[in-house]
Amino acid sequence: MLSQLFILSSKGDPLIHKDFRGDAPGGGTDLTDSFYRRVTALRGDQAPVFMTHDGHHFAHVRHAGLYFVATTGSAGTSPFAMVEFLNRLVTLLRDFCGPLSEKSLSGNLALVCELLEEMVDHGHIQTTSAEVLRNLLHAEPVPTKAFSLLDLGTVGLFGAETQQSRVAPGGASCRPLALPTHGEQGSRNEIFVDVVERLTVVIAANGTPMKVDVQGEIRLKSFLPSSGELRLGLTEEFCVGKSELRGYGTAVRVDDCSFHSCVQLDEFHSSRVLKVTPGQGELTLMQYQLADDPPTPLPFRLFPTVDQDPTGRLRLYLKLRCDLPPKSQALNVRLQLPVPKGVSSLAQELSSPEQTAELQPGTKSLCWSIPRCQGGSQLAATFKMAVPGPGALLELGPAALSFELPGTTCSGLRVRFLRAPGGGPGGAPQRWVRYLTHSDSYVLRL
């Protein structure tokens, strides 16, 4: 017998809430808060599926960064039946709403609520059959895109600024794949490939990643004087979905990908080769997404220590660890941390002279800027500020980190080769490949 069912976002926001029996304190809001606090405070990479709090039993599964939680106050309810019900619910929601995300559930709120009403009656499970439920539902599904990469349009090729962007990513190195010839001195005979990824991460206070999402695209910009077939080879171990396995090395997996209509895919499934005949200008060849399971460690971890002395001054010690490989580096690292409203002054101790920190009164936040951070290094800073009282500690955080990683892809996707037609009047074209990862939203809870 189920008492409640709720679906929470990776940040703990309730997306769906159904109270089947009305026996929860505070209308169920207290239970959702209690569950999220307990599941994010646990140590380790995997939270337990079953938990108990104030006489209520929780069972939950996690899918696409969302928490699907069922509660019961009856000791006779089978916990395995609750987990099986949640798994079937996830499958049904995917069938009716498409790929699950906060956006798809919010857009199909009426459909989800109607589905739950038909599946559960006063806490008793009635049916989980898709065929039966399809005949009972009246709400129409609202289609949503599996993922959106429109924001990537603000990042121009090799960091070039577009009309929508304000700051161009700098300091990213380019790697030439072929040397220019004497015949191309008089005209531009070049082709560029840009692999750009955006990283969205939420890390709990105990260091457990709660949400990891990588959205990327491969862009091509051609200055070739004549059109011809271009062949671009990707990593041989590149696979789409969890069930596919290719090659003998470490798998480079994405959950979903799409291609431009002009890309020929007759060699993609066998040898991971994209064929295209580009004209002069810029073209997006492929878009892809990876959620929850990146092959490489997250680039940054934050270790905060907060205490308050008897005089009321708040002491905040921050240690930022860069988990990139030693030969890699992060540029334009910036940490933004909300501080209590009553703070008007700031004392600071930074571990290196190139770092800067300031208190921004307009946003009531602390800004710590690091121009360059080498992989494997640790940076530290100590801040002291006067706060109105002990309750001000609750207004501290979470921290938001922004950065760019030149020469790095979090998905592990690489360009294996880039072959362009040559031998004409201009000779062989010069080919360039650049990799760049940006932080879209990198939140670290204190």
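**Salt bridges, strands and one helix: a short tour**

Good morning. Lys18 has a relative accessibility of 17% and therefore counts as buried, since the limit for that class is under 20%. Before I continue, please note that the structure shown above is a predicted model.

Which residue, then, forms a salt bridge with Lys18? The partner is Glu117, and the closest N and O atoms of the two are 3.4 Å apart. This pair connects distant parts of the chain, as 99 residues separate Lys18 in strand S2 (residues 14-19) from Glu117 in helix H4 (residues 109-119). Across the whole structure, the search finds twelve salt bridges.

I shall mention two others. Asp307 forms a salt bridge with Arg315, with 3.7 Å between the closest N and O atoms. That value passes because the cut-off for a salt bridge is 4 Å. Asp307 has a relative accessible area of 33%, which makes it partly exposed; Arg315, with 32%, is partly exposed as well.

The other is the salt bridge of Arg321 with Asp323, where the closest N and O atoms are 2.8 Å apart. Are these two residues buried, partly exposed or exposed? Arg321 has a relative accessible area of 25% and Asp323 has 26%. Both are partly exposed, because that class lies between the buried limit of 20% and the exposed limit of 50%. Elsewhere, salt bridges with shared partners bring Arg231, Asp266, Glu267 and Lys275 together in one network.

Let me turn to the strands. An open sheet is formed by three strands in the order S15-S11-S25, with antiparallel pairing. Which strands lie at its edges? They are strand S15 (273-276) and strand S25 (415-419), each of which pairs on one side only. From one strand to the next, the twist averages 15°. Within this sheet, strand S11 (residues 230-234) and S25 pair over four bridges in the antiparallel sense, and Leu234 stands opposite Val415 in S25.

The loop that precedes S15 deserves a comment. Arg272 lies in that loop, between helix H6 (268-271) and S15. Its phi is positive, about 55°, although Arg272 is not a glycine. Is Arg272 buried or exposed? Arg272 has a relative accessible area of 1% and is therefore buried.

A second residue invites the comparison. His122, likewise not a glycine, has a positive phi of about 50°. This residue lies in the loop between strand S6 (120-121) and strand S7 (124-125). Here the relative accessible area is 44%, so His122 is partly exposed.

Next, strand S22. Strand S19 (residues 329-338) and strand S22 (residues 365-374) pair in the antiparallel sense over nine bridges. One of the residue pairs is Gln336 with Cys367, the latter being in S22. Strand S21 (residues 356-360) also pairs with S22 in the antiparallel sense, over five bridges; Leu359 stands opposite Leu366 in S22. How many residues lie between S21 and S22 in the hairpin that they form? There are four, and Lys364 in the turn has a positive phi of about 50°.

I come finally to helix H2, which covers residues 79-97. Does its length agree with or depart from the span expected at 1.5 Å a residue? The 19 residues should span 27 Å, because the expected span is 1.5 Å times one less than the number of residues. The end C-alpha atoms are 27 Å apart, and so the model agrees with the expectation.

Several residues of H2 are buried, among them Met82, Phe85, Leu86, Leu89, Leu93 and Phe96. Val83, Val90, Leu92 and Cys97 are buried too. Just after the helix, Gly98 takes a positive phi of about 90°.

Phe80 also lies in helix H2, but at 63% relative accessibility it counts as exposed, because the limit for that class is over 50%. Which residues make a nonpolar surface patch with Phe80? They are Val49 and Phe50, and the patch made by the three residues is about 300 Å².

To close, I return to the opening residue: Lys18, buried at 17% relative accessibility, forms its salt bridge with Glu117. Thank you for your attention.

Note on methods
Residues numbered from 1 in each chain as written. Predicted model: local features only at pLDDT ≥ 70, side-chain atom pairs only at ≥ 80, totals over all residues. Heavy atoms only, no water. Salt bridge = Lys/Arg side-chain N within 4 Å of Asp/Glu carboxyl O. Helix = DSSP H or I, 4+ residues; strand = E, 2+ residues; numbered from the N terminus. Buried < 20%, exposed > 50% of the residue type's maximum accessible area, 1.4 Å probe, protein only. Pairing = 2+ DSSP bridges. Patch = residues over 30% accessible without salt bridge, like charges linked within 9 Å, V, L, I, M, F, W, Y side chains within 5 Å. Areas by Shrake-Rupley, 256 points an atom, 1.4 Å probe, with all protein chains shown as cover. Axes fitted to C-alpha atoms, helices over the stretch in contact; angles between N-to-C directions.
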